[in-house]
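Here's a walk through one protein model, taken a piece at a time. Keep the structure open beside you as you read.

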Amino acid sequence: MTSSDASRGFALGLLGVAIFALTLPMTRLAVGDASAPQLPPAFVTAGRAALAGLLSVVYLRWIGAARPVRAHWGALAVCAIGTVVGFPLFLALALRHPDPSTVTIDAAGIEISDLVSVADHFQPDAGEMSRR
């Protein structure tokens, strides 16, 4: 890995974090609160899923990615239930009826899942470790 690859990866990761950080305030704007509701939480969830799916299909076709094999469909379905439906729907419901404990737990859950994911998938290269 060159230093330009690492810099590009860092910049793209930072962009992803910045975009993801907008999830809470934008969802709150979309659903409103209990006294002045805007859009239904299920509608916001469906809209997010549709937009993300459309952008994903366009990107995957653009780079020529292969379709997942049948053996991966189950894991992808479980992942989709949690990340495409579960998280956005429960986030929208929690932000519609804000209570300090629900919003704090939801926000902390995001960070905890990120940390677990990084810890579980980060395997430094043996050559990388020897250069330090």
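In which helix is Thr45 found? Thr45 is found in helix H3, and since this is a predicted model, take that as the model's version of things. With a relative accessibility of 7%, Thr45 counts as buried, because buried means under 20%. So what does Thr45 contact, once its neighbours within four places in sequence are left aside? The list is Val84, Val85, Pro88 and Leu89.

Stay on H3 for a moment. Phe43 has its place in this helix too, yet at 52% relative accessibility Phe43 counts as exposed, because the cut-off for exposed is over 50%. If you want to see where Phe43 sits relative to Ala30, the two are 13 residues apart in sequence, and their C-alpha atoms are 9.7 Å apart in space.

Now slide along to Trp62, which also lies in H3, a helix that covers residues 41–63. Is Trp62 buried or exposed? Trp62 has 70% relative accessibility, so it counts as exposed. Trp62 has company out there: together with Tyr59, Leu60 and Ile63 it makes a nonpolar surface patch of about 490 Å².

Time to step back and look at the whole chain. How many helices and strands does the protein chain have? The count is 6 helices and 2 strands, and reading along the sequence you meet them in the pattern α-α-β-β-α-α-α-α. Out of 132 residues, 14% are buried. The chain exposes about 10,100 Å², with carbon and sulfur atoms supplying 72% of that area. As for contacts, take those with a separation of 6 or more: 66% of them are between residues 24 or more positions apart.

Let's go back to the start of that pattern. Helix H1 takes in residues 3–21 and helix H2 residues 23–31, and their axes come within 5 Å of each other, crossing at roughly 25°. Angles under 35 degrees count as roughly parallel, so H1 and H2 are roughly parallel to each other. Which residues meet between them? From H1 you have Ile19, Phe20 and Ala21, and from H2 they are met by Thr23, Leu24 and Pro25.

Next, look for charge pairing. Side chains of opposite charge can pair when their charged atoms come close. In this model the count comes to 1 salt bridge. The side chains that meet in it are those of Asp33 and Arg28, at 4.0 Å from N to O. Both partners fall in the partly exposed class: Asp33 has a relative accessible area of 24%, and Arg28 has one of 30%.

Last stop: the strands. Strand E1 spans 32–33 and strand E2 spans 36–37, and Ala34 lies in the loop between them. Ala34 has a relative accessible area of 47%, so it counts as partly exposed. Which residues does Ala34 touch, not counting those up to four places away in sequence? Ala34 touches Arg96 and His97. Try finding His97 on your screen: this residue is 63 residues from Ala34 along the chain, but the C-alpha atoms of the pair are separated by 5.8 Å.

Definitions and conventions: Residues numbered from 1 in each chain as written. Predicted model: local features only at pLDDT ≥ 70, side-chain atom pairs only at ≥ 80, totals over all residues. Heavy atoms only, no water. Patch = residues over 30% accessible without salt bridge, like charges linked within 9 Å, V, L, I, M, F, W, Y side chains within 5 Å. Areas by Shrake-Rupley, 256 points an atom, 1.4 Å probe, with all protein chains shown as cover. Helix = DSSP H or I, 4+ residues; strand = E, 2+ residues; numbered from the N terminus. Buried < 20%, exposed > 50% of the residue type's maximum accessible area, 1.4 Å probe, protein only. Axes fitted to C-alpha atoms, helices over the stretch in contact; angles between N-to-C directions. Parallel < 35°, antiparallel > 145°, perpendicular 65-115°, else oblique. Contact = heavy atoms within 4.5 Å.
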